[in-house]
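Here's a quick tour of a protein chain for anyone who'd like to get their bearings before heading back to the bench. Have the structure open and follow along.

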Amino acid sequence: MNSDLLSKGYEPHDVEKRWYKFWEEEQLFAAVEDPVPKSYSIVIPPPNVTGVLHMGHALNNTLQDILCRYRRLRGDNVLWMPGTDHAGIATQNVVEKKLAQEGTDRHRIGREKFIEAVWKWRKKYGSAIINQLKRLGASCDWERERFTMDEGLSRAVRKVFVQLYDEGLIYRGNYIINWCPRCYTALADLEVEHEETEGHLYHIRYPFEDGTGGVVVATTRPETMLGDTAVAVHPDDDRYRQVADKKVVLPLMERKLPIIRDKYVDMTFGTGALKITPAHDPNDYEIGIRHDLPTVKVIDDNGFMSSEAGKFKGLERFACRKAVVDALKEGGYLEKIEPYKHSVGHCYRCKDVVEPNLSKQWFVKAKPLAEEAIAAVENGNTRIIPEIWVNTYYDWMRNIKDWCISRQIWWGHQIPAWTCQACNELVVAMKAPDKCPGCGSSRLVQETDVLDTWFSSALWPFSTMGWPEKTPLLQIFYPTSVLVTAFDILFFWVARMMMMGIHFMGSVPFRDVYVHALVRDEEGKKMSKSTGNVIDPLSVIEQYGTDAFRFTLAAFAAQGRDVKMSEKRIEGYRHFINKLWNASRLSLMHLKKGSVKFDPDRLSLPDRWILSRLQAATDSVEDALDSYRFNDAAAVLYNFIWHEFCDWYLEIIKPVIYGNEGVDRQDNTLAVLWRVLKNALILLHPFIPFVTEEIWNKLPGTNGSIMHAVYPVDDPDSQNVIHDAEAESKMKIITAIITGVRNVRGEMDLAPSQALDVSIHSAEESIRDTIDRYRNIITHLARIKTLMVEAPGKKPAAAATTIIDGATIFVSLEGIIDFDKESRRLEKRIHKVAAELAPVEKKLSNEAFLNKAPEKVVNNVKEKHGRLIEKLHKLESTLEKIKEMGK
């Protein structure tokens, strides 16, 4: 025996650094470009190059890593493709702030120098998120790391753009887009975050041209009225039948506006009259097209009023709102102002209020691409798991709008389009043309806009593998096996990858899409810095170790349910890691080299039982992981290790492994112990890779890394044992008896060292035979002095009773407990708990407390109430039993 095989306590940090370095040096994460029978691939959702590891990253990448490590153990050739996203707006903002600190800006240094500055920043800081993923244990094929702006991906982006343009699926045109004046760029609909805001509804009277009255319209944005070109009413609205040929005068601008009829108008909103501003509202823009209305752009791209705004020119948009309202009051046009709660769009990056703006932009015609992506899910080529997201996917795809792909920033893929300064011809090409194909002029100017970051990300599954070249990587690993993603980018990214993958590769980009939920705080609230409930993954890794953190994430990753995270839970799973460590340390103290084969004909009941439970756990974990039920797999492993292996099996076999029951029995049991520990480590490895690798390398009879191990169901030498119903049935009786006696000991507050006299009555001979045959296990673990087993008869005097399936257990308390004294003690404890409970119940009956106190405080009081009630009921039940026995 060698007690130094494992240190007394598990210290994760040194272990994690040492093994991750080893895995990388040995290239154990590397995929092989060889068409072996089984390949498995995942592309990482590329984190922003500006990113810092947060809980969403941690959950997403832990689940991917579990799958990749699991599939390697199953013998697959696994490619986990890593990389980062250039994150156009976010990265440009970071570098612009840096330039501001240096007393300059991008306009002063120019585009070329600015791009150089971004690349320099990326070289210095861009690997931060990658290093953090490595701390998490991510087993990506890091030698293949890609970046959405690297040379190969840039070529793929240009190829896709040019092809889509040539196919008529990319066009340029005027359109109402979401515009961020702060970031100075267009935003896709999905990049706009809507927030409920307390605002106002302004009712403004537009007088008729002939002075006979007017029409009242209601708006939340009075500054946009300066760009109105019509007033619309519903064709079926009887209130406006007599004003068919009239015109109104636009207050403050004196412009004459037609009254038009359009079914879009909601007759129940306000007065049923709608001001139409085609340049500053997407719905008004569509109405304007239907009625051939002019567009008047009164808010410029910087968020200031343009020359079209007349005397309000140069005012900031919100300052203009106040000025317009004051002018309307002064002119007698403002009928009333009402408080009004409405949804206001904000930029997902800088949080500035988004302005609907008329602008010339580049668009992808999405509908033709979406049709095939819908069909791919309908016919089962791609599965979305869990299925609750399928209809959401269909709804969005069937109502998809053209995708605005141009952004007015400098960092990103510059659009490969050139305009001839001589004849104005537009040239779209893979590389800069030398001359205009129309007139031969060499005066060509490239489009200054860059592509939406999500455009390059949409190509990720095939561009990272070398497309447009027909590479071995694509032939082996495309389509990928699964995409693991959060639901919030189902449309940003997943749907677009589906469209692009099918269009350019002729097949779906992934067979499965597993959509995981969000990580929230322990009360189910969204984590945010402002709330102060953010848990930093790097901090908890430092405090509790990576494995404990990973296992916590997996244990709570139920399909369709958010993960409620707390440090208390992580600490709980650190105890699980320690339990495994201590059990392994005990086992390794006794295991000898060569104790790897057991004789199946000489197995004891506990040996048969643990092998049967191991097989059940193996089958359950395999089924759960193949079905993306990570929490179920984690729960099975937790129960097997903590309860079945540690609490029962190791405790039962201690006399055997210490040599108290003969060498032959010892050798066979040690071989079973070796097999169980070995297979358990393999099953656990995808979840907790560091501690399992450390223990594996101390286990006799193992060679190399656990990453080279063979999964138990695939191992011909594993001596897998089929389900042993007889052993499980007998052990169920034994463990139930031991648990029953322990419960009595706890209820009666008896010392663990107190040996007890126990009598068990059972009408079933098979149960009596099992108890008799394995009485040594029962008496040893339940601390029983005498054990009587008999058919049902008279109940022993002064005995506590507990019932199990098929038997009644009597624990004699005669001479152990003074029943009168114990009754008085319990009555005092009941009185004390009741006194503690009274103020808690008073609080919970106080409506003011329930309504005004913070939710966390109320929940804490409710939890305390539940604990006290449970404690009180247990004490009252025990008192009743004591009084009954003392009669």
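What follows goes from the whole chain to its cores, then to a sheet and a pair of helices.

## The whole chain

Keep in mind that this is a predicted model. The chain has 887 residues, and 53% of them count as buried. Its C-alpha atoms fill a box of roughly 110 × 70 × 55 Å along the principal axes.

As for secondary structure, you'll find 27 helices and 29 strands. If you take the contacts with a separation of 6 or more, 77% of them are between residues 24 or more positions apart.

## The nonpolar cores

The largest nonpolar core holds 222 residues, and the ones touching the most other members are Phe455, Met500 and Phe687. Helix α19, covering residues 630–657, gives the most to this core, with 15 residues. Apart from it lies another core of 31 residues, including Ile204, Val217, Val233 and Val324. As background, nonpolar side chains in soluble globular proteins tend to be buried together.

Met500 is a handy place to zoom in. Setting aside neighbours within four places in sequence, Met500 is in contact with Val160, Leu164, Trp403, Phe455, Ala458, Leu459, Phe462 and Met505. So Phe455 turns up among the contacts of Met500, and both belong to the trio that touches the most other core members.

## A four-stranded sheet and its helices

Further along the chain there's an open sheet of four strands, in the order β27-β26-β29-β28, with mixed pairing. The edges are β27 (784–790) and β28 (799–804); each has a single partner strand, so one side of each is left without a neighbour in the sheet. From one strand to the next, the twist averages 20°.

Inside the sheet, β26 (residues 756–761) and β29 (residues 807–812) run antiparallel and are joined by four bridges. His761 stands opposite Thr808 of β29. Helix α22 (residues 725–747) lies across β26, β27, β28 and β29, at about 145° to β28. Helix α23 (residues 765–773) lies across β26, β27 and β29, at about 155° to β27.

## Two helices that cross

Now look at α3 (residues 88–101) and α4 (residues 106–125), which pack at about 115° with their axes 10 Å apart. That angle makes α3 and α4 roughly perpendicular to each other, and α3 passes α4 in a right-handed crossing.

Which residues of α3 and α4 make the contact? From α3 come Thr91, Gln92, Val94, Val95, Glu96, Lys98 and Leu99. They meet Arg106, Ile109, Phe114, Ala117, Val118 and Trp121 of α4.

Conventions. Residues numbered from 1 in each chain as written. Predicted model: local features only at pLDDT ≥ 70, side-chain atom pairs only at ≥ 80, totals over all residues. Heavy atoms only, no water. Pairing = 2+ DSSP bridges. Helix = DSSP H or I, 4+ residues; strand = E, 2+ residues; numbered from the N terminus. Axes fitted to C-alpha atoms, helices over the stretch in contact; angles between N-to-C directions. Contact = heavy atoms within 4.5 Å. Core = buried A, V, L, I, M, F, W, Y, C linked by side-chain atoms within 4.5 Å. Buried < 20%, exposed > 50% of the residue type's maximum accessible area, 1.4 Å probe, protein only. Parallel < 35°, antiparallel > 145°, perpendicular 65-115°, else oblique. Left-handed = near helix turned anticlockwise from the far one by under 90°.
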